[in-house]
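Subject: Structure for your review

Dear colleague,

Please find below the structure that I am handing over to you. I would be grateful if you could read the notes beneath it with the structure open.

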Amino acid sequence: MSGSISPSEISRLQTALRRLLGSEKLTINPAPRAGMSVELASDGEVIGTIHRDDEDGDVSYAVNIVVLEEDLPAAK
């Protein structure tokens, strides 16, 4: 079952992801409307979404990061 992510969870997730991924440029933007995913951004650019799952009392967060081919370095 998916749930909304509270402001407290957003703050804690942001701290954890910055530490885990080694970037202080990461920010988590609250969902614009109820039922929508929060956005993960790097240096202000949205790079993915975060979904909360509360299955049988076990809460987890799934991070989906999108990388566009146009953002990749040129092939060698």
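The notes that follow describe what was found, beginning with the overall fold and moving on to the core, the salt bridges, the surface and the backbone.

**Overall fold**

Please bear in mind that this is a predicted model. The chain contains one helix and five strands, and from the N terminus these elements follow the order β-α-β-β-β-β. Along the principal axes, the C-alpha atoms occupy a box of roughly 50 × 25 × 20 Å. The chain has 76 residues, of which 20% count as buried.

**The nonpolar core**

In soluble globular proteins, nonpolar side chains tend to be buried together. Here the largest nonpolar core has nine residues: Ile5, Ile10, Leu13, Leu17, Leu26, Ile28, Val38, Leu40 and Ile50. At least two residues of this core come from each of helix 1, strand 2 (26-29) and strand 3 (38-42). Helix 1 makes the greatest contribution, with three residues.

Helix 1 also carries Ala16. Ala16 is classed as partly exposed because its relative accessibility is 29%. The C-alpha atoms of Ala16 and Asp54 are 19 Å apart, and the two residues are separated by 38 residues along the chain.

**Salt bridges**

Side chains of opposite charge can pair when their charged atoms come close. The structure holds three such salt bridges.

In one of them, Arg52 pairs with Glu9, and their closest N and O atoms lie 2.8 Å apart. This pair connects distant parts of the chain, since Arg52 belongs to strand 4 (residues 45-55) and Glu9 to helix 1, 43 residues apart. Arg52 and Glu9 are both buried. For Arg52, the relative accessibility is 16%, and a residue counts as buried because its value is under 20%.

Arg52 also forms a salt bridge with Asp54, where the closest N and O atoms are 3.9 Å apart. Asp54 has a relative accessibility of 29% and therefore counts as partly exposed. Through shared partners, the salt bridges join Glu9, Arg52 and Asp54 into one network.

Another salt bridge is formed by Arg18 and Glu24, with 3.6 Å between the closest N and O atoms. Glu24 has a relative accessibility of 61%, so it counts as exposed.

**Surface patches**

Which residues form the nonpolar patch on the surface? They are Leu20, Leu21, Val63, Ile65, Val67 and Leu72, which together have about 580 Å² of accessible area. Helix 1 (7-21) and strand 5 (58-65) each provide at least two residues of this patch. Helix 1 thus supplies residues both to this patch and to the core described above. Among the patch residues, Ile65 is located in strand 5. Ile65 is partly exposed, its relative accessible area being 44%.

The surface also has a patch of negative charge, where Asp43, Glu45, Glu69, Glu70 and Asp71 gather. One of these residues, Glu69, is in the segment after strand 5. Glu69 counts as exposed because its relative accessibility is 68%.

**Backbone points to inspect**

Most residues other than glycine have a negative phi, and most peptide bonds are trans. Two residues are listed here for their positive phi values.

Asp43, a member of the negative patch, is not a glycine and yet has a positive phi of about 55°. Asp43 sits in the loop between strand 3 and strand 4. With a relative accessibility of 59%, Asp43 counts as exposed.

Asp56 likewise has a positive phi, near 55°, in a residue other than glycine. Asp56 is placed in the loop between strand 4 and strand 5. Is Asp56 buried or exposed? Asp56 counts as exposed, because its relative accessibility is 71%.

**In brief**

When you go through the structure, you may wish to view the following together:

- the nine-residue nonpolar core, to which helix 1 gives the most;
- the network of Glu9, Arg52 and Asp54;
- the nonpolar patch, to which helix 1 and strand 5 each supply at least two residues;
- the patch of negative charge that includes Asp43 and Glu69.

Yours sincerely,

A colleague

Key: Residues numbered from 1 in each chain as written. Predicted model: local features only at pLDDT ≥ 70, side-chain atom pairs only at ≥ 80, totals over all residues. Heavy atoms only, no water. Patch = residues over 30% accessible without salt bridge, like charges linked within 9 Å, V, L, I, M, F, W, Y side chains within 5 Å. Areas by Shrake-Rupley, 256 points an atom, 1.4 Å probe, with all protein chains shown as cover. Salt bridge = Lys/Arg side-chain N within 4 Å of Asp/Glu carboxyl O. Helix = DSSP H or I, 4+ residues; strand = E, 2+ residues; numbered from the N terminus. Buried < 20%, exposed > 50% of the residue type's maximum accessible area, 1.4 Å probe, protein only. Lys, Arg positive; Asp, Glu negative; His and termini not counted. Charge placed at Lys NZ, Arg CZ, Asp CG, Glu CD. Core = buried A, V, L, I, M, F, W, Y, C linked by side-chain atoms within 4.5 Å.
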